[in-house]
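Colleague: I am new to reading protein models, and I would like some help with helices, pockets and cavities. Could we go through a few features together?

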Amino acid sequence: MLTIRGPVSGPASSPRVALRDLRKSFGSTRALDGVELEARAGEVHAVLGENGAGKSTLMKVLAGVVAPDAGSVTVDGAPWTPRGPADARARGLAMVHQELALCPHLDVAANVALGIEPARLGVVRGRDLERLVVDALGRAFGDRAVDPGVRVSELSVADRQLVEVARALATARAAGGALRVLVLDEPTSSLGAADVERLFALVRDLAAAGTTILYVSHFLEEVARIAGRFTVLRDGRTVGAGEVGATSMDAIVRMMAGRDLGEAFPRSARTPGEVILSARELGGAHLPLEATFELRRGEVLGIAGLVGAGRTELLRAIFGLDPVRRGEIRVGVALGPASPARRLAQGVGFASEDRKGEGLATSLSVADNLVLSHLGPSGFGMPRRAREAAARFIAQLGIKCAGPDQRVVELSGGNQQKVQIARLLHHDVDVLLLDEPTRGIDVASKAQIAELVDRLAARGKAVLLVSSWLPELLGMADRIAVMRRGRLGPARPADRCDEASLLREAVGV
């Protein structure tokens, strides 16, 4: 293991959390193979690694979801063997999952207080419950009000993420306020800039109060801002640890990938062809308010904007998932709105940012997910051919899995995203609507997807790309349009844009 030494941050004391030679296997798959990690009280400790490195399994061990096969875990010097998630929460550990673990049919208040409702003699104390919920929501959302009575299914993905944060805070208060360890798994992957700043302020407050924050993220620029120390996992092993401030980002990337990465955003020669998708004064039931654009074969058109501006709704309206209120959509020679099935028949595919909720059938296998939208001319899937197709895309996209028959729910978030994109490639669509395609994906996988998008555009495919990461838009897109408060601005060549100009346009400056 490579250890980079630097000045010690945080309290100079024995570790709050200590993992020693931690091991866990699932069948023949070794998820953890001797992990070592130390994190102190009052410290923000980044846990880094590519998808499939073992981070999620490690966090599940801490949260009491799975038990390790070997090794030891101690918290404040005492053995840590929770009997389950509820026991872990009662003992002062809360976790905010990347793949949101909410009940969409329940309202916000019920989700925040689920399992920790203040009660006496079996009767829930209404006023105490209200105070618990209001306090937690206020700390998570800040000045931005959220209705505790609204169903979670009606919230944006970003607001659902903040509800998860609120639930973690409520859990700590219900346990007497002793939040010893907070695990944040990709907490900002769906948040806008203002909500990210609010979350960072909250993290700093919790750390100052003595809480240990284990911060799992693929955004290294965030890690540089919020974390004091880091541990890197690769293939289930600890391969590096040290001070964030004393380590270059390039060095951390090399630890994560085990190699030097090539160019982050490769650019092949592209020759835009005929217009294959266009919208004119398009308006949805709520969003977008107005969008006009043209997308050509062999082109990547990027859509920038703040969370909530209407970018996702634009893609959903085009694909037929949301109703169109006015304006027109044209796909090739086909004019007008259409159902998702009709759009697929027209050669348009959609990869949702909410891969767990609507992008994948996570209980099915990789092969089943791959062929769901394209079962062949007879209308029936052939298991052998499905497995063969899945094997090709597993190799092509570098999907880390046990094979085509492994269930998607068992894969890491980044590998699930690759399966979603592989389905569009198997369907051989001409137009790819990609909504945050690298959300929750490690740096190496981001580079792979950027390379894949480049190859598709060079082959004449058309890509409409929504991303909140401006360097990604600037590196991958040929032209970029900014959506602000539901209205899409004119597209400009990407080489005439920069992060500052895109941000100014997004906020209306």
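Modeller: Gladly; we will take one helix, one pocket, one side chain and one cavity in turn. Keep in mind that this is a predicted model.

Colleague: Let's begin with helix α17. Which of its residues are buried?

Modeller: A residue counts as buried when its relative accessible area is under 20%. In α17, which spans residues 499-507, the buried ones are S501, L502 and A506. They sit on the same side of the helix, because the arc they cover around the axis is only 135°.

Colleague: What covers the buried residues of α17?

Modeller: Look for elements in contact with them. Among those covering them are the strands β16 (300-305), β22 (479-484) and β24 (492-493), along with helix α16 (470-476).

Colleague: And what should I look for at the ends of α17?

Modeller: At the N-terminal end, look for a cap. Here D498 plays that part, with a side-chain oxygen 3.2 Å from the backbone nitrogen of A500. After the helix comes G508, and its phi is positive, near 85°.

Colleague: Now the second largest pocket. How much space lies in it?

Modeller: With a pocket, start from the volume and then go through the lining. This one holds about 1,100 Å³ of space. It is lined by 38 residues, and S56, K60, E410, L411 and S412 are the closest to its centre. Two or more lining residues come from each of β3 (29-39), α1 (55-62) and α14 (413-427). The largest share is that of α1, with four residues.

Colleague: How do the lining residues of that pocket divide by class?

Modeller: There are twelve nonpolar, 16 polar and ten charged residues in the lining.

Colleague: You mentioned α14. Is N415 in that helix buried or exposed?

Modeller: Check the accessibility, then the neighbours. N415 lies in α14, and it counts as buried because its relative accessibility is 2%. Its side chain reaches the backbone nitrogen of K400 at 2.9 Å. Leaving aside residues up to four places away in sequence, N415 touches N51, G52, G398, I399 and K400.

Colleague: Last, how many cavities of 30 Å³ or more are found in the whole structure?

Modeller: The search finds one. A cavity is read like a pocket, by space and lining. The largest cavity holds about 40 Å³, and its lining includes V165, L182 and L206. Helix α5 (157-174), strand β10 (181-185) and helix α6 (193-208) each give at least two lining residues, and α6 has the largest share with four.

Colleague: Which classes line the largest cavity?

Modeller: The lining has nine nonpolar residues, no polar ones and no charged ones.

Technical notes:
Residues are numbered from 1 along each chain as its sequence is written. This is a predicted model: local features need pLDDT of at least 70, side-chain atom pairs count only at pLDDT 80 or more; totals for chains, interfaces and linings use all residues. Side-chain values use heavy atoms; hydrogens and water are left out. Buried means under 20% relative accessible area, exposed over 50%, partly exposed in between (1.4 Å probe, protein chains only). The arc is that of the directions from the helix axis to the C-beta atoms. Contact means heavy atoms within 4.5 Å. A polar contact is a pair of N or O atoms within 3.5 Å; within protein, one must be able to donate a hydrogen and the other to accept it, and residues adjacent in sequence count only if both atoms are side-chain atoms. On a 1 Å grid over the protein atoms alone, a cavity is a set of points where a 1.4 Å probe fits but cannot get out, and a pocket is an open set with protein on both sides within 12 Å along at least five of seven lines; lining residues have an atom within 4 Å of a point. Grid points are joined across faces, edges and corners, and a volume is the space filled by probe spheres set on the points. Ala, Val, Leu, Ile, Met, Phe, Trp, Tyr, Cys and Pro count as nonpolar, Asp, Glu, Lys and Arg as charged, and the others, Gly among them, as polar.
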